[in-house]
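User: I would like to go through some side-chain contacts here. Please keep the answers short.

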Amino acid sequence: MENVTPLPEPFVVLATQNPVEMESTFRLPAAQMDRFLVRLTVGYPDGEEERQMLSRAGNHIPYEQVEPVVGPEELLAARKQAEQVYVSDQTADYVIRLTQATRSHPQLSMGASPRASLGLYRASRVWAAMEGRDFVTPDDVKELAHPVLEHRLVVGGEARFSGVTAASVLDEILDGIKATPEPSRVLQ
């Protein structure tokens with residue numbers, strides 16, 4: 001390999017997209033969108049948040065006041081903690097059934113890839129760890145289905161013109177596919 005630059009651990013990339021005035025930008029191809037783990041929509045601040053923003057940055061952005069909230073060591077420790085979170089076979093199967101359902105849905109021209117299954121699996125482990133648990137529940141998977149899967153789905157032309165969205169298809173799939181109860185959690 002030539003000109004390989006080693007990157008620090010952890011190496012994290014964040015990207016933003018502003019949907020307004022996109023004249024000089026182009027939508028990413030589906031294969032590239034599939035490389036993003038999650039898509040989040042920030043929206044607008046509420047009145048109080050906007051008031052605080054004005055008081056802090058009314059005349060300039062105070063970059064000199066920005067301080068890290070976590071360092072590389074903490075990120076690596078959090079990654080290690082998430083890797084220890086247990087995912088039962090039933091919950092893993094639920095992830096697979098959800099993503100496979102997107103591949104055969106008649107209103108989608110492209111469903112979620114195996115990379116999406118892996119992303120949903122990993123993100124669910126992180127979510128469970130953030131919730132203070134050492135195991136993933138199907139509710140964790142459902143909570144993350146939209147941010148992890150929605151941007152990877154491509155709605156077919158006819159469906160798109162009928163007002164169908166990736167979010168509405170995903171809602172339908174989530175409503176239709178139920179998680180298998182875990183043997184240790186079934187009440188007698």
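Analyst: Buried means under 20% relative accessible area, and exposed means over 50%. Partly exposed lies in between. The model is predicted.

User: Is S113 buried or exposed?
Analyst: S113 sits in the loop between β1 (108–110) and α5 (114–130). Its relative accessibility is 19%. The cut-off for buried is under 20%, so S113 counts as buried.

User: Which backbone nitrogen does the side chain of S113 reach?
Analyst: Leaving out residues up to four places away in sequence, S113 touches D34 and R103. The side chain also reaches a backbone nitrogen at 3.1 Å, that of R115.

User: How many residues apart are R39 and E150, which meet in a salt bridge?
Analyst: Their side chains pair at 2.9 Å, N to O. R39 is in the loop between α1 (30–33) and α2 (47–57), and E150 in the loop between α6 (138–149) and β2 (154–155). R39 is partly exposed at 38%, while E150 is buried at 18%. The pair links distant parts of the chain, and the separation is 111 residues.

User: What separates E48 and R51 along helix α2?
Analyst: E48 and R51 form a salt bridge, with the closest N and O atoms 2.7 Å apart. E48 is partly exposed at 40%. The two are 3 residues apart in α2, so the separation is about one helical turn.

User: Which partner of R133 in a salt bridge is buried?
Analyst: R133 pairs with D140 at 2.7 Å, N to O. R133 has 23% relative accessibility and counts as partly exposed. At 3%, the buried partner is D140.

Key: Residues numbered from 1 in each chain as written. Predicted model: local features only at pLDDT ≥ 70, side-chain atom pairs only at ≥ 80, totals over all residues. Heavy atoms only, no water. Helix = DSSP H or I, 4+ residues; strand = E, 2+ residues; numbered from the N terminus. Buried < 20%, exposed > 50% of the residue type's maximum accessible area, 1.4 Å probe, protein only. Polar contact = N/O pair within 3.5 Å; in protein donor to acceptor, adjacent residues only side chain to side chain. Contact = heavy atoms within 4.5 Å. Salt bridge = Lys/Arg side-chain N within 4 Å of Asp/Glu carboxyl O.
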